[in-house]
Amino acid sequence: MNYETVIGLEVHVQLKTETKIFCSCPAGSGGEPNTRVCPVCLGLPGTLPVLNRRAVELALRAGAALNCGLSGFSKFDRKNYFYPDLPKAYQISQYHRPLNGAGWLEIPTAAGKKRIGVTRAHLEEDAGKLVHFEDGWSGVDYNRTGVPLLEIVSDPDLRRPREAYEYLKELRSVMRYIEVSDCDMEKGSFRCDANISLRPAGSRELGVKVEIKNLNSFKAVERALEYEEIRQRGLLERREPVFQETRLFNADLQQTISMRSKEEAHDYRYFPDPDLVPVVFPPERTGEIRGQLPELPLARLTRFREEYGLPDYDAGVLTAERSLADYYEEAAVAGAGYKSLSNWVMGELLGKLNEAGLTIEESPIPAGRLAGLLKLIEEGTISGKIAKRVFAEMFESGEEPARIVERRGLLQISDRGELEGIVETVITGHPGPAADFRGGKEAAIGFLVGQVMKATKGQANPKLVNQLLRARLS
Amino acid sequence: MNAKLNELTARETAGLVARREISALEVAEACLSRIAAVEPLVGSFLRVDGEGARAMAADLDRRLAAGEEPGPLCGVPVALKDLLCVKGWEVTCGSKILKGFFSPYDATVVRKLRAAGAVFLGQTNMDEFAMGSSTENSGYQITRNPWDLDRVPGGSSGGSAAAVAAAEAPVALGSDTGGSIRQPAAFCGVAGMKPTYGRVSRYGLVAYASSLDQIGPFARDVGDVALLLEAISGHDPLDSTSAPIPVPAYRDSLGREIAGMKLGVPRQCFAAGLEEGVERAFRESLEIFRGLGAEIIEIDLPRIPHSVACYYIISTAEASSNLARFDGVQYGYRSPAGENLVEMYEATRRDGFGEEVKRRILLGTYVLSSGYYDAYYARALQARRLIKDDFDKAFERCECVLMPTSPTTAFEIGSRIADPLRMYLSDLFTIAVNLAGLPAISITGGFDASGLPVGIQVIAPPFEEEKIIRTASAFEAGAGFQDRKPVLSVPPAAAPGPS
């Protein structure tokens, strides 16, 4: 029998606020344990939460980017369960009236764009972190407690592990574009749990689902889902039951392992948090928030393809990060050729930045200067080869390309008279290859051009050299 | 004069200290002496901070001498219910589970009292986590009613009410979730007010039921209630449920006439098994109001009989969540028993909480559990709305509502503890007011045959505490019941106070 895979993802995005969601402690990550805490985020008796306005604004912006319905009325609920990292023994979350209702995200797939439904995107507070010591004791670090999270729940619209990967990539890209989160999986500011079930192809009913946790990278999500797809198909084919359970992905084994069954699942006893008042905002705010959104990655990708004539691949790489796309466009506007600019950005620039551990914002070469360098090539002032040297120097010093060329005397030699002399010397010095070429061995010309370039320290105009050699040897 | 400083009103004390006719330290000493003398009989306090009180008073005297502007509560000794957080103090909510929890911060009301020049005497006894109507549910001790030491002071703020009645402190703060200020005020013959929900910040009040809890003052007369209420009211950025409504000068409502004022009496309040003495005193108090020129009209609060059921669903649901944090992990009591985390949780909560608290946590957990939420919690919220509607309708016809505070006067210690349901039902008249979020005061409206005080409630629309103060102070002026004081026969050996 053929089976259809049904996948839904729950993503937690850490919102980029200065302070925590319900108190004024700084919201960042790391630091000595329990140094960014106060009576409120420690849940001490008598303390009360006060909602961070900025967190609501960021969450609404994210909702707008995900095309979510905004009702203008939202409330917070308590999710009750005991765990040492949860100091109040309940998490303030949103259950009955989330800030952002149903929406969607378009993702690129091999078969074109696909629209993935978003069930909801709601605000909640993060829990702390347990630290286990060698002597068997555990400690709790509450620094992370109360950091604002946006939980984005997708509809079960994903059909392949690869689609889940694409969805996460697109979601991260969008969240970073609209500057609501750093979405750094390593730092925990972007976390994902996956739900997967299989059903007979053509069936409308959903199969028994399994939740997978401990997914530390997009690749891990894809791998875990692939493993689970095979495991569940095996069970179904052997007519064995699939149990509703939570499984952990073990990256070393590349397998999912059972953690707890549905019977052990919590009854969270959600109810409205009486310490907080509803969030109410007028409907016109919705339009305002949408109006302030930047161009989103998929739209920009399409435009890059059409406006700059770039291949899909280039457009995808260049628009994955807003700052990179901004960089490209700034250089393009400054007059660099679109395709060669794309090659230089994706090749030389990203390569160097990567090596140096810098982001595009930290690039020592501003977009305008890279455009300047490319113009020097196009105008024939320097060769592509020299340009790489100039680029390397620009990366070190940040200097104007034209000044480097001038100071170093790197101007391309396009003077016929000067080059004819050098061509003459090279031919005289290498009679063998010259004879080979005359004898019809076309490849020999390459060696001779190389010799001229060498003699001119790369500054000769290679096109002209080629021409002169051929003329002299014909 | 020294021996009587503890019997001055807060208004008198603040005036005398501000004018430096007496020192704050003298007043504090007088209260501490009285406490030392009567505590063995009454047991109002869980902890008395004599050293702290003297230091606060002395510091205040120094600052006044240096020309500092006196605050409105300058030198006024205050007793605080043991669920208000005071920086550096152990705060236990009358529970063993919080033993050893020292608050690192001040509740907003505590901060406001400090700013107003008050002097803190210590923390008063209460039913554990404010759950109870007799203060017998305290995890530490019982408190006796100063009018009759064999009787309860009411609860849950029984310690605060008894301390004021026994002249250990001129004023005290309590909290009221279902009557926990008004009922003990009634039983102890003092004035006690539950302000409108949102009038006083709850920041630093250890929560029982967050949507019902409200901090309020106890005093020996309405004037002092007004003074204290003014000092603690107002919007607090640390409490989202506190209202951004300006605080009026409540004392301006004192000594005003009530002639022509329409006061509503719900017909339901006579049908609910009032004790004979309570009914008689209540009816007589209505005559006093009439004598002051007020018009008494009958009103209808048809849904009020549902209050108790509604209250015990909402309050326990919230409590089950609010009290979940007492799990032995961060602070307070942790059971040494248990081999793992879950066993530690279970043993800590089993041994740390008292019976009544556990009963309410179980009830609240049940009504919120999956599959029961709609049948209980959601319906209780609807019922609450209807009860509020009843009051809204009533206030279209009258300015304030009058009701007995409790169907009985103070009962004997131990007489009700085995029958929780009967204890719950006795809170009918106070509970409805919390569900509707309204302000209400309890003042002494008369006495029963055995001389025990009978409390009457004056209830007003939200944020109209001024009407309550005006009505209640006019009644006081007309009736004079506040001048009658309990007599405690203090054994001479136990009275080492200054001579």
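# Close-up views of chains A and B

**View 1. Leu341(B) is partly exposed.** With a relative accessibility of 32%, Leu341(B) counts as partly exposed, a class between buried (under 20% relative accessible area) and exposed (over 50%), using a 1.4 Å probe and protein chains only. The residue belongs to helix α10 of chain B, which covers residues 341-352. Helices (H or I, at least four residues) and strands (E, at least two) are DSSP runs, numbered from the N terminus.

A word before the other views: this is a predicted model, in which local features need pLDDT of at least 70 and side-chain atom pairs 80 or more, while totals for chains, interfaces and linings use all residues. Residues count from 1 along each written chain, chains are lettered from A and ligands numbered from 1 in written order, and side-chain values use heavy atoms, leaving out hydrogens and water.

**View 2. His266(A) and Phe82(A) come together from far along the chain.** If you look for His266(A), you will find this residue in the loop that joins β13 (255-261) to β14 (271-272) of chain A. His266(A) is partly exposed, because its relative accessibility is 41%. Its partner in this view, Phe82(A), is 184 residues away in sequence, yet the two C-alpha atoms are 9.7 Å apart in space.

**View 3. A salt bridge joins Lys114(A) to Glu163(A).** A salt bridge here is a side-chain nitrogen of Lys or Arg within 4 Å of a carboxyl oxygen of Asp or Glu, and the whole structure holds 67 of them over all chains. In the pair shown, the closest N and O atoms of Lys114(A) and Glu163(A) are 2.9 Å apart. Lys114(A) sits in strand β6 and Glu163(A) in helix α2 of chain A, so the pair ties together parts that are 49 residues apart in sequence. Lys114(A) is partly exposed at 22% relative accessibility, whereas Glu163(A) is buried at 6%.

**View 4. Two salt bridges can be seen in chain B.** Arg19(B) pairs with Glu21(B), with their closest N and O atoms 2.8 Å apart; both residues are exposed. Arg283(B) pairs with Glu279(B), and here the closest N and O atoms are 2.9 Å apart. Arg283(B) and Glu279(B) are separated by about one helical turn, because they lie four residues apart in helix α8 (residues 276-291) of chain B. Arg283(B) is partly exposed at 41% relative accessibility, and so is Glu279(B) at 22%.

**View 5. Charged residues of chain A form a network of salt bridges.** Which residues should you pick out in this network of salt bridges? They are Glu295(A), Arg300(A), Arg303(A), Glu307(A), Asp326(A) and Glu329(A).

**View 6. The second largest pocket is lined by 42 residues.** A pocket is an open set of points on a 1 Å grid over the protein atoms alone, where a 1.4 Å probe fits, with protein on both sides within 12 Å along at least five of seven lines; lining residues have an atom within 4 Å of a point. To get your bearings, start from Ser173(A), Val317(A), Thr319(A), Ala320(A) and Glu321(A), which lie nearest the centre of this pocket. Strands β5 (103-109) and β6 (112-125) of chain A each supply at least two lining residues, as do the helices α2 (161-177), α5 (297-308), α6 (312-319), α7 (322-333) and α8 (338-356) of chain A. The most generous contributor is α2(A), which gives seven residues to the lining.
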